[in-house]
Amino acid sequence: YIKTPTVIDSLDSEISSPSIYDTALKFYVVGQAFLNDLDTASQSKAQQQLLMYERHVKNAKSSSEKDFTQAGQLHTIYRRGV
C-alpha cells in the first residue's frame, strides 16, 4: 500500500511525508538557504548541511526498506491435492 500524497495548494498545507524523513528535509532546506548566500563560509556550511541531509536520507531509506518488520526464510512442502 502506498498512500497518494496530499496536494500542496496553499501555505497552510502540510506535507504528508513519513516522519522519518523530517530531519533530512530540515537539513536540505537549511543547506539550500546557505547555498543562496554567496559568502564562502555559507558555502561550506551548505555543503555540511547537504552532507547531513544525504546521511539522513540514506538511514531513512535503509530503515523503511525493512518496513520495521522481519521475515525469516520460510520453507514449505508442497503436497499435491488428491
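What percentage of the 82 residues of the protein chain count as buried? The share is 11%. Keep in mind as you read these legends that the model is predicted.

**View 1. The whole chain, with its two helices and zero strands.** Welcome to the overview, a good place to get your bearings. The secondary structure here amounts to two helices, and there are zero strands. The protein chain exposes about 7,800 Å², and carbon and sulfur atoms supply 55% of that area. Now think about which residues meet. Among contacts between residues at least 6 apart in sequence, 37% join residues at least 24 apart. The next views take you to some particular residues.

**View 2. Helix H1 and its buried residues.** Helix H1 covers residues 22-35, which gives it 14 residues. From the first C-alpha of H1 to the last, the distance is 20 Å, close to the 20 Å expected at 1.5 Å a residue. Look for Ala24, Phe27 and Gly31, which are buried in this helix. Where do the buried residues of H1 fall when seen down its axis? They fall within an arc of 60°, so they line one face of the helix.

**View 3. The aromatic pair of Tyr28 and Tyr53.** The structure holds one aromatic pair. Its members are Tyr28 and Tyr53, whose rings sit 5.1 Å apart, centre to centre. The angle between the planes is 50°, and the pair is tilted. The pair is called tilted because an angle from 30 to 60 degrees is neither stacked nor edge-to-face. This pair links distant parts of the chain: Tyr28 belongs to helix H1 and Tyr53 to helix H2, 25 residues apart. Are these two residues buried or partly exposed? Tyr28 has a relative accessible area of 36%, so it is partly exposed. Tyr53, at 27% relative accessibility, also counts as partly exposed.

**View 4. Gln49 and the residues it touches.** Find Gln49 in helix H2, which runs over residues 40-66. Which residues does Gln49 touch, not counting those up to four places away in sequence? They are Phe27, Val30, Gly31 and Phe34. Two of these names may ring a bell: Phe27 and Gly31 appeared among the buried residues of H1. Gln49 has a relative accessible area of 19%, so this residue is buried too. The cut-off matters here, because buried means under 20%.

**View 5. Ser42 and its contacts.** Ser42 is another residue of helix H2. Its relative accessibility is 7%, so Ser42 counts as buried. Leaving aside neighbours within four places in sequence, Ser42 is in contact with Phe34 and Asp37. You met Phe34 in the previous view, where it touches Gln49. Gly31 is also worth finding here: it lies eleven residues from Ser42 along the chain, and the C-alpha atoms of the two are separated by 9.0 Å.

**View 6. Gln32 of helix H1, with Leu50.** Gln32 is found in helix H1. At 29% relative accessibility, this residue counts as partly exposed. How many residues apart along the chain are Gln32 and Leu50? They are 18 residues apart, and their C-alpha atoms are separated by 8.0 Å.

**View 7. Asp22 with Val57, and Asn59 with Tyr21.** This last stop shows two pairs of residues. Asp22 lies in helix H1, and at 34% relative accessibility it counts as partly exposed. Val57 is 35 residues from Asp22 in sequence, yet 9.7 Å away in space, C-alpha to C-alpha. The second pair starts from Asn59, a residue of helix H2. Asn59 is partly exposed, with a relative accessible area of 48%. Its partner in this view is Tyr21, 38 residues away along the chain, and the C-alpha atoms of the two are separated by 9.3 Å.

Definitions and conventions:
Residues are numbered from 1 along each chain as its sequence is written. This is a predicted model: local features need pLDDT of at least 70, side-chain atom pairs count only at pLDDT 80 or more; totals for chains, interfaces and linings use all residues. Side-chain values use heavy atoms; hydrogens and water are left out. Helices (H or I, at least four residues) and strands (E, at least two) are DSSP runs, numbered from the N terminus. Buried means under 20% relative accessible area, exposed over 50%, partly exposed in between (1.4 Å probe, protein chains only). Contact means heavy atoms within 4.5 Å. Accessible areas come from the Shrake-Rupley method with a 1.4 Å probe; for residues, only the protein chains shown count as cover. Rings of Phe, Tyr and Trp (its six-membered ring) pair if their centres lie within 6.5 Å; planes under 30 degrees apart count as stacked, over 60 as edge-to-face and the rest as tilted. The expected span of a helix is 1.5 Å times one less than its number of residues. The arc is that of the directions from the helix axis to the C-beta atoms.
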